[in-house]
Amino acid sequence: MSNKPDKKEELQHKIMQFQLLQQNLQAIDQRRRIVEEHIDEFYRTRLAIKDLENTKINSALIPIGAGAFVSGTLSDSDTVVISIGGGVAIRKKRKDAEEFIEERVKEIEAVLIEVSKQWQSVYSQLVLLESEIGKLQGE
């Protein structure tokens, strides 16, 4: 008879583990989506910088935040101001800015690969645990 409570206790323990892993998987999935959004933003930025090469000096809409813009004149398309973090921005020549953005993309893509590996690992654990729970419930 002592075997039954042990199995019930083991089942409860595995169900708790399963729930924790599900939460972990959701958190990793959210992190993965954020990283993908950053990659998309850098792709758009890289394309915009590349397009500056063919841009003649003319008027432009300059974003000021929250979907608001002001009209302005683009007087120098050869220099780009890039945020490097911590509230610090630097000026770079357009070509150097493209290379800087490309390096950032590579760094963030490496993060995405690691996050995807974490997701796969947790998912595999969930599948295994689900199988173990099913066996315990069938007994």
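Helices in these legends are DSSP runs of H or I with at least four residues, strands are DSSP runs of E with at least two, and both are numbered from the N terminus. The views show a predicted model, in which local features need a pLDDT of at least 70 and side-chain atom pairs count only at pLDDT 80 or more, whereas totals for chains, interfaces and linings use all residues. Residues are numbered from 1 along each chain as its sequence is written, and side-chain values use heavy atoms, with hydrogens and water left out.

**View A. The largest pocket and the residues that line it.** A pocket is an open set of points on a 1 Å grid over the protein atoms alone, reached by a 1.4 Å probe, with protein on both sides within 12 Å along at least five of seven lines, and its lining residues have an atom within 4 Å of a point. The space in the largest pocket comes to about 760 Å³, a volume being that filled by probe spheres set on grid points joined across faces, edges and corners. Its lining consists of 26 residues, and those nearest the centre are Thr45, Ala48, Ile49, Val80 and Val81. At least two lining residues come from each of α1 (3-51), β1 (59-65), β3 (79-85) and α2 (94-138), and helix α1 gives the most, with seven residues. Sorted by class, the lining of this pocket has 15 nonpolar, seven polar and four charged residues (nonpolar: Ala, Val, Leu, Ile, Met, Phe, Trp, Tyr, Cys and Pro; charged: Asp, Glu, Lys and Arg; polar: the others, Gly among them).

**View B. The salt bridge between Glu132 and Lys14.** A salt bridge places a side-chain nitrogen of Lys or Arg within 4 Å of a carboxyl oxygen of Asp or Glu, and a search of the whole structure finds nine of them. In the pair shown here, Glu132 and Lys14 bring their closest N and O atoms to 2.7 Å from one another. Glu132 belongs to helix α2 and Lys14 to helix α1, so this pair ties together parts that are 118 residues apart in sequence. Glu132 is partly exposed, at a relative accessible area of 28%, whereas Lys14 is buried, at 15% (buried is under 20%, exposed over 50%, partly exposed in between, with a 1.4 Å probe and protein chains only).

**View C. Glu102 and Arg46, with Val105 in the surroundings of the legend.** The side chains of Glu102 and Arg46 form a salt bridge, with N and O at 2.1 Å. Because Glu102 lies in helix α2 and Arg46 in helix α1, the pair ties together parts that are 56 residues apart in sequence. Glu102 counts as partly exposed at 26% relative accessibility, and Arg46 is likewise partly exposed, with a value of 22%. Val105 is also placed in helix α2, but Val105 is buried, with a relative accessible area of 1%. From Val105 to Arg46 the C-alpha to C-alpha separation is 9.3 Å in space, while 59 residues separate the two in sequence.

**View D. Charged residues in a helix and in a network.** Lys117 and Glu114 meet through their side chains in a salt bridge, at 3.7 Å from N to O. The two residues stand three apart in helix α2, which means that Lys117 and Glu114 are separated by about one helical turn. Glu114 is partly exposed, its relative accessible area being 43%. Elsewhere, Asp29, Arg32 and Arg33 are joined by salt bridges into a network.

**View E. Ala66 in the loop between β1 and β2.** The loop that holds Ala66 runs between β1 and β2 (68-73). Phi of Ala66 is near 50°, which is a positive value in a residue other than glycine. Most residues other than glycine have a negative phi. Ala66 counts as exposed, with a relative accessibility of 90%. Ile62, which has its place in strand β1, is partly exposed, at 39% relative accessible area.

**View F. Ser83 and Ala110, each with a distant partner in sequence.** Ser83 is found in strand β3 and is exposed, at a relative accessible area of 55%. Between Ser83 and Glu109, which are 26 residues apart along the chain, the C-alpha atoms are separated by 19 Å. Ala110 has its place in helix α2 and counts as partly exposed, at 40% relative accessibility. Ala110 and Lys7 are 103 residues apart in sequence, and their C-alpha atoms are 43 Å apart in space.
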